[in-house]
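Subject: Structure handover

Hello,

Please find the structure below, with the sequence. My notes on what was found in it follow.

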Amino acid sequence: MVEIDSLAVLQADAGDNLLAILNEKKLLSKSACRNGNCRICRCRLLLGDIDYQNKTPIALSEQDIQEGWILPCISIIVSDIKITDLNN
């Protein structure tokens, strides 16, 4: 499950790519590189876990990561998650 800003709840399973889920529902208006290099798709993870599966979120600084920013393009859903700041 993916909850977005307490406004929408999407069905998702562990192993699903977050960007694919968001694009399927037309909830993310911006994405470009699809490999973690540009940060255009970034959003903030409030709750739950994602995995980058051996990919590196090059576009995120250490401070971004500490503040909860993630890159949906390389994010694999591990558990139910709650995100915010889409299209930011």
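**Salt bridges**

Arginine 44 and aspartate 85 join their side chains in a salt bridge, at 3.0 Å from N to O. Arginine 44 belongs to strand β3 and aspartate 85 to the segment after β7, so the bridge ties together parts 41 residues apart in sequence. Arginine 44 is partly exposed, at 22% relative accessible area, and aspartate 85 is also partly exposed, at 26%. Please keep in mind throughout that this is a predicted model.

The structure has four salt bridges in total. Another one pairs aspartate 64 with arginine 39, where the closest N and O atoms are 3.0 Å apart. This pair again links distant parts of the chain: aspartate 64 sits in helix α2 (residues 62-66), arginine 39 in the loop between α1 (18-24) and β3 (43-47), and 25 residues separate them. Aspartate 64 has a relative accessible area of 9%, and it counts as buried because the limit for that class is under 20%. Arginine 39, in contrast, is partly exposed at 32%. Arg39 and Asp64 are also part of a network of salt bridges that takes in Arg42.

Glutamate 3 and lysine 82 form a further salt bridge, with 4.0 Å between the closest N and O atoms. Here glutamate 3 is in strand β1 (residues 2-4) and lysine 82 in strand β7 (residues 81-84), so far as sequence goes 79 residues apart. Lysine 82 is partly exposed, with a relative accessible area of 23%.

**Fold and sheet**

The chain contains two helices and seven strands. Along the sequence they come in the pattern β-β-α-β-β-α-β-β-β. Five strands make up an open sheet with mixed pairing, in the order β2-β1-β7-β3-β5. The edges are β2 (8-10) and β5 (69-70); each has a single partner strand, so one side of each has no neighbour in the sheet.

β1 and β2 are paired in the antiparallel sense, over three bridges. Within this pairing, valine 2 has leucine 10 in β2 as its bridge partner.

The strand order also gives some context for the charged pairs. β1 is next to β7 in the order of the sheet, and the bridge between glutamate 3 and lysine 82 runs between those two strands. β7 is in turn followed by β3, and arginine 44 of β3 reaches aspartate 85 in the segment after β7.

**Core**

The largest nonpolar core has 25 residues, and the members that touch the most others are Val2, Leu18, Leu22, Ile70, Ile81 and Ile83. Two or more residues each are given to this core by β1, α1, β3, β5 and β7. The largest share is that of α1, with four residues.

What does isoleucine 70 touch, leaving aside residues up to four places away in sequence? Its contacts are Leu18, Arg42, Cys43, Leu45, Ile50, Tyr52, Leu60, Ser75 and Ile83. Among them, Leu18 and Ile83 are also named with isoleucine 70 as core members that touch the most others. Arg42, another contact of isoleucine 70, takes part in the salt-bridge network with Arg39 and Asp64.

**Backbone outliers to check**

Two residues that are not glycine have a positive phi. Arginine 39 has a phi of about 65° and lies in the loop between α1 and β3. Asparagine 54 also has a phi of about 65°, and is found in the loop between β4 (50-51) and α2. Asparagine 54 is exposed, with a relative accessible area of 85%, whereas arginine 39 is partly exposed at 32%.

**Overall dimensions**

For a chain of 88 residues, a compact globule would have a radius of gyration near 12 Å, and the value of 11 Å for this chain agrees with that. Along the principal axes, the C-alpha atoms fill a box of roughly 30 × 25 × 20 Å. Of the 88 residues, 39% count as buried. The accessible surface is about 4900 Å², and carbon and sulfur atoms hold 46% of it. Among contacts with a separation of 6 or more, 62% are between residues 24 or more positions apart.

Regards

How values were computed: Residues are numbered from 1 along each chain as its sequence is written. This is a predicted model: local features need pLDDT of at least 70, side-chain atom pairs count only at pLDDT 80 or more; totals for chains, interfaces and linings use all residues. Side-chain values use heavy atoms; hydrogens and water are left out. Buried means under 20% relative accessible area, exposed over 50%, partly exposed in between (1.4 Å probe, protein chains only). Two strands pair if DSSP finds at least two bridges between them. The radius of gyration is taken over C-alpha atoms; the globule rule is 2.2 Å times the number of residues to the power 0.38. Contact means heavy atoms within 4.5 Å. Accessible areas come from the Shrake-Rupley method with a 1.4 Å probe; for residues, only the protein chains shown count as cover. A nonpolar core is a set of buried Ala, Val, Leu, Ile, Met, Phe, Trp, Tyr and Cys residues joined through side-chain atoms within 4.5 Å.
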